[in-house]
Amino acid sequence: MTDSWIVVVIGLVLPWLTGSAWTYWLTSQSSNWHPAAVLGHGYLLGIFTTTVIMRVFQLAGLQQSFLGTSLCLTALAAAAALMIYLKPGQSRIKHAEPRLPEWQQAAIFLLLAMIAVRYLTIFQELALRPLFPWDAWMNWAPKAVVWFHYNELVPFASQKVWLAAPAEAHTYIEGAKNAWKYPITVPLVQLWGMLVLNSSDNSMIYLPWICIALASGSALYGHLKLASVHSLLAIAAVYTYLNIPFINVHSALAGYADLWVTVAFGAGIFALAEWARNRQWPYLLLALIMAIFCSQLKIPGLIMGAIVIAAFLLTLFPLRKRLWLALFIAASLGLLSLYFVGINATLPYVGEITVSRSAIVVPYIGAFDVAYHDVTDAVIETMFLMINWNLLWYIFLASTLAIVLTPEVLKNHRPEFFALVTTLGFLYFVYYFTERFMFAEDFTQINRALMYSTPVAVFLMAGALNTFLKLRQTQNHSLS
């Protein structure tokens, strides 16, 4: 029993250590880094690297194994240590903050204690009675189980190919019609856990679903501190995020991909916000890596990764009214031309792209009939009446009002504001204008989709509130 726990710890710590070592070396090349951000990005980078190593093994014709992947991770960790030794980073700038009053220290301790208790109970739930969601066991987990038993990434194919394939081809099929072409990173995370435990039937395989949530909270806190947010406000933001019922549920849902998209997207925008403030290349690199990570997790992750890239392009333009007016006019004309004229083209190595009033076809994402469906009642009930979000969206509306009343706030938070508005706009289009409106009306999908926006929403709300309070404090000082 002791030996199995040692192996579990190694399987969790080794990717985290490797990713954190490289994240530390990268971010410490600038003087603006924070240990919590390093740990948060470190787990994401480490687990993504683990899945990339497994893909390389497949391309090289090597069998999947715990030992082989572990040796590669150890070598990468050693290389990071060598880089830290040969080119050490800069000392960290510690943003000045007066000693916190005792009541604030007590509040921080209480919030941390509640987070710890909550995730201990989630761990207990996962360990004793894991939840196996239908989608995961229909579309995601079968790949990992089959790959574990073959020690290689045998193909999963469409129904037509599967029916025609001989038995010796070891071709498999999944439940949903297009699941065979879903990105494979989440099944590879499960496969890593199976290789660690040498079993496909063990609750500990799914511990990364808890780790990814905690890593996201760590990254959130670290980036808020990099933005000079008050410690109590930063911890309160982390508690707000990690206490969201839907985040908690998905931390215990063994095998679901949505939490991974949520966390990778959030981390990408956190890093991009730091790049926008200080123009430090390591954070741009982290943001781009997270955009790639998003695209490898789930088909909607392609959109979320594209939003990270679009937010980066936005940071290249200065905040000038004439420029933004010109961009707005150009975008409006573009949308009008799409509506009245449309697009129908086939791109080499990409596929058909069609945009018209009645249909949209996007390669790798799918084809959708376009028609308006009023699902406002379902959306309001989802966001404001159900218990999935606590008070998140009420607080978001109040924060939006503060931003509108104080436009100066927006200048310091452009990437995250753009990312959040674009994400919510994308979801609005999907559930109001495509056949997926039915998944809003029956409440089976819109909650999962809204989850993608939560880390960015909390990050923006905390940063905007901090900026708002500082502006008011400065105005009060000037008046006195």
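What percentage of the 480 residues of the protein chain count as buried? The answer is 48%. Keep in mind as you look around that this is a predicted model.

**The whole chain**

Let's start with the overall picture. The protein chain holds 21 helices and four strands. Along its principal axes, the C-alpha trace spans about 80 × 60 × 45 Å. For 480 residues, a compact globule would have a radius of gyration near 23 Å, and the protein chain agrees, with 23 Å.

**A helix to follow: α11**

Now find helix α11, which covers residues 258-278. How far apart should its ends be? With 21 residues at 1.5 Å a residue, the helix should span 30 Å, and the end C-alpha atoms are 31 Å apart, so expectation and model agree. Most of α11 is covered, too: 18 of its 21 residues are buried.

Right after α11 comes R279, with a positive phi of about 55°. Keep that one in mind for the backbone section below.

**Salt bridges**

The structure holds four salt bridges. Here are three of them, with the distance between the closest N and O atoms.

| Salt bridge | N to O distance |
|---|---|
| K143 and E174 | 3.9 Å |
| D258 and R448 | 3.2 Å |
| E274 and R277 | 3.0 Å |

Take the K143 and E174 salt bridge, with its closest N and O atoms 3.9 Å apart. K143 sits in helix α5 (residues 134-150), while E174 is in the loop between α6 (159-164) and α7 (185-197), so this pair ties together parts that are 31 residues apart in sequence. Both K143 and E174 are buried.

The salt bridge between D258 and R448 has its closest N and O atoms 3.2 Å apart. This pair links distant parts of the chain: D258 belongs to helix α11 and R448 to helix α20 (residues 446-451), with their positions 190 residues apart. Are these two residues buried or exposed? D258 has 1% relative accessibility, so it counts as buried. R448 has 10%, so it counts as buried as well.

The third pair in the table takes us back into α11. The side chains of E274 and R277 meet in a salt bridge, at 3.0 Å from N to O. These residues are three apart in helix α11, so about one helical turn separates them. Their surroundings are worth a look: E274 counts as buried because its relative accessibility is 0%, whereas R277 counts as partly exposed at 30%. There is also a small network to spot, where salt bridges that share partners join D258, K298 and R448.

**Aromatic rings**

Next, the ring-bearing side chains. How many aromatic pairs does a search of the whole structure find? It finds 22 of them. In one pair, the rings of F246 and W389, the centres are 5.6 Å apart and the planes are at 35°, so the pair is tilted. This pair links distant parts of the chain, with F246 in helix α10 (residues 245-252) and W389 in the loop between α15 (376-385) and α16 (392-405), 143 residues apart. Both F246 and W389 are buried.

Rings can also join up into a group. Ring pairs link Y372, Y428, F429, Y432 and F433 into a cluster.

**A greasy spot on the outside**

Some nonpolar side chains are found on the surface. I309, L313, L316, F317 and L327 form a nonpolar patch there, with about 400 Å² of accessible area together. One of them, F317, has its place in the loop between α13 (299-315) and α14 (321-340). With a relative accessible area of 37%, F317 is partly exposed.

**Backbone oddities**

Most residues other than glycine have a negative phi. That makes a few spots in this chain worth finding.

N151 has a phi near 60°, a positive value in a residue other than glycine. You'll find N151 in the loop between α5 and α6, and it is partly exposed, with a relative accessible area of 25%.

F443 also has a positive phi, near 60°. Its place is in the loop between α19 (437-441) and α20. F443 has 27% relative accessibility, so it counts as partly exposed. And R279, just after α11, belongs on your list with its positive phi of about 55°.

Terms used. Residues are numbered from 1 along each chain as its sequence is written. This is a predicted model: local features need pLDDT of at least 70, side-chain atom pairs count only at pLDDT 80 or more; totals for chains, interfaces and linings use all residues. Side-chain values use heavy atoms; hydrogens and water are left out. Patches are made of residues with over 30% relative accessible area and no salt bridge: like charges are joined within 9 Å, nonpolar side chains (Val, Leu, Ile, Met, Phe, Trp, Tyr) within 5 Å. Accessible areas come from the Shrake-Rupley method with a 1.4 Å probe; for residues, only the protein chains shown count as cover. Helices (H or I, at least four residues) and strands (E, at least two) are DSSP runs, numbered from the N terminus. Buried means under 20% relative accessible area, exposed over 50%, partly exposed in between (1.4 Å probe, protein chains only). The expected span of a helix is 1.5 Å times one less than its number of residues. Rings of Phe, Tyr and Trp (its six-membered ring) pair if their centres lie within 6.5 Å; planes under 30 degrees apart count as stacked, over 60 as edge-to-face and the rest as tilted. The radius of gyration is taken over C-alpha atoms; the globule rule is 2.2 Å times the number of residues to the power 0.38.
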